[in-house]
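Trainee: I'd like to go through some labels on a model and hear the reasoning behind each one. Can you take me through it?

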Protein chains: 2
Amino acid sequence: MKNQVLLDKALALLPKLHETEVRVARTVIMNKEDDSIRILPDEDYNKKLLKKGDKIILDFGNHQVGYISMKLNSVGFHADAPVWLKFHFAEQPVELFENGKDFEGWISSSWIEEEEIHVDVIPSKVKLSRRYAFRYLEIEVLAISNNYSLVVEDITCTAVSSADDRDLIPYDTTDENKKQLDKIAIRTLHNCMQTVFEDGPKRDRRLWIGDLRIQALANYETYKKNDLVKACMYLFAALPKSDEQIGACVFLEPKPAVDDNVTDGQGTFFDYALFIVSILYDYYRETDDREALEDIWACAKKQIEIAARRVGEDGLIKGEDVFGWCFIDWNISLDKQASAQGVLMYVLNQAIYLASEIGDSEIEEEYRELYDKLYTAANRYLWDEEECCYVSGKDRQISIASQAWLVLGGAIEGIYAKKLLESIEFKENVQGMVSPYMYHHYVDALIQSDAKDLALEKMTEYWGDMLNQGADTFFELYNPMNPNESPYGGTIVNSYCHAWSCGPTYFLRKYFN
Amino acid sequence: MKNQVLLDKALALLPKLHETEVRVARTVIMNKEDDSIRILPDEDYNKKLLKKGDKIILDFGNHQVGYISMKLNSVGFHADAPVWLKFHFAEQPVELFENGKDFEGWISSSWIEEEEIHVDVIPSKVKLSRRYAFRYLEIEVLAISNNYSLVVEDITCTAVSSADDRDLIPYDTTDENKKQLDKIAIRTLHNCMQTVFEDGPKRDRRLWIGDLRIQALANYETYKKNDLVKACMYLFAALPKSDEQIGACVFLEPKPAVDDNVTDGQGTFFDYALFIVSILYDYYRETDDREALEDIWACAKKQIEIAARRVGEDGLIKGEDVFGWCFIDWNISLDKQASAQGVLMYVLNQAIYLASEIGDSEIEEEYRELYDKLYTAANRYLWDEEECCYVSGKDRQISIASQAWLVLGGAIEGIYAKKLLESIEFKENVQGMVSPYMYHHYVDALIQSDAKDLALEKMTEYWGDMLNQGADTFFELYNPMNPNESPYGGTIVNSYCHAWSCGPTYFLRKYFN
């Protein structure tokens with residue numbers, strides 16, 4: 001189903017990476033007691049004579065994405081055996097207290113940024129061939145001859161990004177809280193901006209449409225690297241699944257291809273496929289790029305057509321029994337029906353605008369009718385008069401996600417929407433949010449409902465708490481009740497620099513300036 | 001103390017390596033019960049779908065020294081995480097039942113041929129950058145995504161050697177025993193012939209003079225790659241220690257340098273330094289290369305001058321208290337005095353010939369006098385009338401090494417030498433031999449004493465027993481009483497292809513044709 005024309009345009013737009021040489025900021029010692037890690041300064045790494053079992057921990061001062069090189073030298077007799085080294089890269093200190101070989105979680109431990117190498121000739125220069133995402137690097141001497149000690153010198157990180165900080169639009173605020181949130185969000189965005197917008201530079205290192213949508217919005221307020229958005233949008237449109245639905249993510253290597261395996265072979269999510277419309281809408285509003293609108297429009301329409309097949313006679317989205325048919329949030333207990341209804345309404349509003357721009361009045365009218373049907377059904381069947389909120393699924397589940405997405409979809413507006421969102425968190429038995437991704441849409445819904453104070457408060461509470469936990473970049477997952485929680489079976493595979501968490505810079509710059 | 005003229009000549013003579021593509025002979029399963037390992041055929045590796053924890057063992061059919069490349073492919077969904085692989089190369093099956101991380105011996109476990117790699121992109125081609133010595137390769141999948149299985153294809157070893165089998169002189173014999181011993185000795189020599197004559201391609205991978213002397217002799221009967229001998233001889237002569245004594249071994253990388261650390265900083269052995277004379281003698285007899293004789297002669301004389309400083313008024317070598325002042329054998333209980341006396345006498349006989357060739361009659365006369373003094377002292381002070389053999393040191397230790405070297409040095413000759421060697425092994429409290437290196441000189445002494453039948457018997461017994469143990473190449477160390485013995489604390493660091501063990505091809509072709 002590859003569209004070679006769109007693919008060629010996408011590939012031609014892929015950026016070159018900027019390289020920055022980053023030196024070690026300090027050598028440190030880490031001590032862990034219970035859940036608390038103390039970081040203490042240590043003697044500079046290049047003054048240490050290392051023997052078997054010795055370790056050094058290097059702090060690069062901030063989160064980096066790049067390539068490591070160093071010189072290995074010896075003190076003592078001539079090096080008469082190879083040196084065997086282990087490298088452990090960590091975005092957060094806690095990772096250094098876990099071991100890849102002990103990891104038993106369901107995600108592949110091949111993501112853990114550990115590496116072992118043998119170096120035959122000392123002195124020599126060593127450059128690790130793989131890219132790592134990290135702030136800390138622990139180097140352990142697994143084996144060395146008794147006849148010499150190892151000295152590691154000139155450790156350098158060649159950091160890479162397609163974002164160039166010289167292009168960064170300044171953010172003028174005297175509010176230290178906002179300044180910090182903006183800074184960390186931008187670092188998150190910056191380090192995820194590689195050849196494509198990656199979801200996380202540690203894991204999965206590839207282009208997901210859910211992350212792309214948020215990255216694109218953050219990009220318009222910061223680096224304005226709009227060709228990168230265009231390239232990524234074209235990649236999705238060029239590489240649909242066999243049924244023409246947009247995939248949830250695409251691979252660039254070994255050759256551009258859609259992922260065939262999201263949710264056990266389904267290949268996408270209901271909401272993710274629709275977001276190509278939303279990305280096109282945001283991009284077109286930002287750039288007025290008519291060529292892109294015309295190139296992507298057919299694909300965008302197709303996604304609505306496919307989504308509309310799930311709309312029943314009653315105007316409600318039919319939630320499938322297939323696990324993960326719609327993403328919404330990393331919460332397997334969440335019923336997705338009402339949220340999906342909101343997503344389709346949200347996207348239809350954008351599609352109506354695009355149809356009007358492109359002059360397709362027939363389809364514009366069709367979308368308006370569909371929207372009305374969805375609107376009516378949402379307020380007739382999903383609104384619970386007793387609970388005073390929307391419910392989802394046959395068990396009439398109440399969740400923050402359902403309210404947020406139906407607000408974003410325009411099912412409820414103005415003061416009613418504001419009241420709904422202000423009250424929902426105080427209800428009992430409400431399914432909460434587990435990912436910054438869902439928090440993003442909750443904050444967005446608050447802003448759309450003119451609950452800006454609460455939006456800022458929630459943003460400060462949630463993302464600010466990551467800051468308090470020592471975040472250099474915002475995380476893929478964060479539970480304020482249990483900061484070291486991992487759905488993967490160990491923090492060692494968590495991604496602590498994750499694109500869908502970069503929204504604060506978008507919100508702050510667009511709505512709180 | 002570097003002699004740049006000799007060094008430049010040496011470097012100019014270093015050979016290019018021949019490459020041979022070797023394919024996997026078979027995929028195998030290994031089962032170990034007690035000390036016995038059973039090797040069974042397995043399904044071909046490239047038909048296996050590998051998941052986490054799966055292993056394949058590849059048999060390359062013979063001992064190889066080279067570089068490994070392969071293709072990694074996937075079956076299932078698109079590869080969505082790196083694959084983390086462990087490679088364990090083994091010269092002998094027993095090594096695969098040990099683990100580098102568990103090794104606690106005194107030698108560096110960095111020699112163990114284990115490697116871990118992460119491969120980010122599947123399918124892809126992988127080439128390991130380091131050289132390995134092995135017949136067997138175990139590949140283990142340490143981690144992989146649940147969404148695909150790994151298929152390993154086209155595993156190839158690019159085997160390297162400076163020996164070219166097209167140059168190999170045929171060995172005509174119908175004796176299957178001799179043919180087998182010759183074949184394994186030649187494979188040993190072949191795989192140690194790299195840019196220099198290495199001691200062992202697994203460990204230490206460098207040029208030791210004790211091994212070189214035996215390799216050169218084997219080379220004259222087989223590949224006649226005499227420029228390689230010349231290059232190696234020049235390297236030693238060009239890179240003496242600061243006192244002008246020849247070092248025990250030299251490094252080529254990162255730049256040519258003598259090892260400063262044999263026996264705790266002494267940098268050489270008494271016998272090893274003298275062997276530059278012996279190597280020059282053998283080389284000159286083989287090639288008539290007058291240039292080499294003139295280039296190396298000064299260095300050769302210097303070694304005798306330095307060694308002669310240890311000769312007391314009584315004509316006996318003074319054995320030092322420094323551990324390992326003289327090598328002779330890998331036997332720390334062995335008293336080296338008598339053997340050292342024999343080595344100096346052996347070398348003097350060769351030096352007298354060279355002095356005569358070069359026309360230095362003064363030094364020739366000096367050497368003759370020194371020889372006579374050593375001869376007289378050996379038979380006056382080291383011969384024990386009661387024991388009817390030579391003794392060594394203040395404890396008058398009896399050893400096979402002392403007899404063998406004093407025979408080789410000409411202290412005893414003809415029928416007396418033969419009787420001495422024939423009887424010595426039946427005495428009580430005799431220090432035996434532990435290395436093929438000392439066995440080599442014992443066999444040489446038997447041949448020089450016209451005990452050729454016994455020489456062949458001993459050679460067949462010792463090297464032949466390695467054959468019976470499944471040797472593809474001859475080992476660094478072999479104790480017939482305990483085939484898996486290792487002085488290093490584990491067979492995993494043993495070198496099973498070791499140059500000083502290649503003598504059988506020299507003896508067989510020269511004396512048993």
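What follows is a chat about salt bridges, burial, strand pairing and a charged patch in this predicted model.

Trainee: Why is the contact between Glu305(A) and Lys302(A) called a salt bridge?

Mentor: The closest N and O atoms of Glu305(A) and Lys302(A) are 3.4 Å apart. The cut-off is 4 Å between a Lys or Arg side-chain nitrogen and an Asp or Glu carboxyl oxygen, so a pair at 3.4 Å qualifies. Both residues sit in helix α6 (residues 290-308) of chain A, three residues apart, about one turn of the helix.

Trainee: What makes Lys302(A) buried?

Mentor: Lys302(A) has a relative accessible area of 19%. Buried means under 20%, so Lys302(A) gets that label.

Trainee: And why is Glu305(A) counted as partly exposed?

Mentor: Glu305(A) comes out at 40% relative accessibility. Partly exposed runs between the 20% and 50% limits, so 40% belongs there.

Trainee: How do you know that Lys71(B) and Asp154(B) form a salt bridge?

Mentor: Same kind of check: their closest N and O atoms are 3.0 Å apart. With the limit at 4 Å, the pair therefore counts. This one links distant parts of the chain, with Lys71(B) in strand β4 of chain B and Asp154(B) in strand β9 of chain B, 83 residues apart.

Trainee: Why are Lys71(B) and Asp154(B) called partly exposed?

Mentor: Lys71(B) has a relative accessible area of 32%, and Asp154(B) is at 31%. Buried would need under 20% and exposed over 50%, so Lys71(B) is partly exposed, and so is Asp154(B).

Trainee: How do you know that β4(B) and β9(B) pair?

Mentor: There are 10 bridges between β4(B) and strand β9 (residues 148-161) of chain B, in the antiparallel sense. Pairing takes at least two bridges, so these strands pass. One spot to look at is Gly76(B), which stands opposite Tyr148(B) in β9(B).

Trainee: What makes β2(B) a partner of β4(B)?

Mentor: Strand β2 (residues 26-33) and strand β4 (residues 55-76) of chain B share three bridges and run antiparallel. The requirement is at least two, so three will do. Among the contacts, Thr27(B) has Leu58(B) as its bridge partner in β4(B).

Trainee: Which other strands join β4(B)?

Mentor: Strand β8 (residues 132-143) of chain B pairs with β4(B) over eight bridges, antiparallel; there, Ile56(B) has Ile139(B) as its partner. Strand β7 (residues 124-127) of chain B is joined to β4(B) by four bridges, also antiparallel, and Met70(B) is matched with Val126(B).

Trainee: Why is Glu476(B) with Arg203(B) called a salt bridge?

Mentor: Their closest N and O atoms are 2.7 Å apart, and that lies within 4 Å, so the label holds. The two are 273 residues apart: Glu476(B) is in the loop between α12 (452-468) and α13 (503-511) of chain B, and Arg203(B) is in the loop between α2 (176-192) and β10 (207-208) of chain B. Both Glu476(B) and Arg203(B) are buried.

Trainee: How many salt bridges are there over all chains?

Mentor: The count is 74.

Trainee: What makes Asp372(A) eligible for the patch of negative charge on the surface?

Mentor: Asp372(A) gathers there with Glu362(A), Glu365(A), Glu366(A) and Glu369(A), and lies in helix α8 (residues 361-382) of chain A. Asp372(A) has 47% relative accessibility. A patch residue needs over 30%, so Asp372(A) clears the accessibility requirement.

How values were computed
Residues numbered from 1 in each chain as written. Chains lettered and ligands numbered in written order. Predicted model: local features only at pLDDT ≥ 70, side-chain atom pairs only at ≥ 80, totals over all residues. Heavy atoms only, no water. Patch = residues over 30% accessible without salt bridge, like charges linked within 9 Å, V, L, I, M, F, W, Y side chains within 5 Å. Areas by Shrake-Rupley, 256 points an atom, 1.4 Å probe, with all protein chains shown as cover. Lys, Arg positive; Asp, Glu negative; His and termini not counted. Charge placed at Lys NZ, Arg CZ, Asp CG, Glu CD. Buried < 20%, exposed > 50% of the residue type's maximum accessible area, 1.4 Å probe, protein only.
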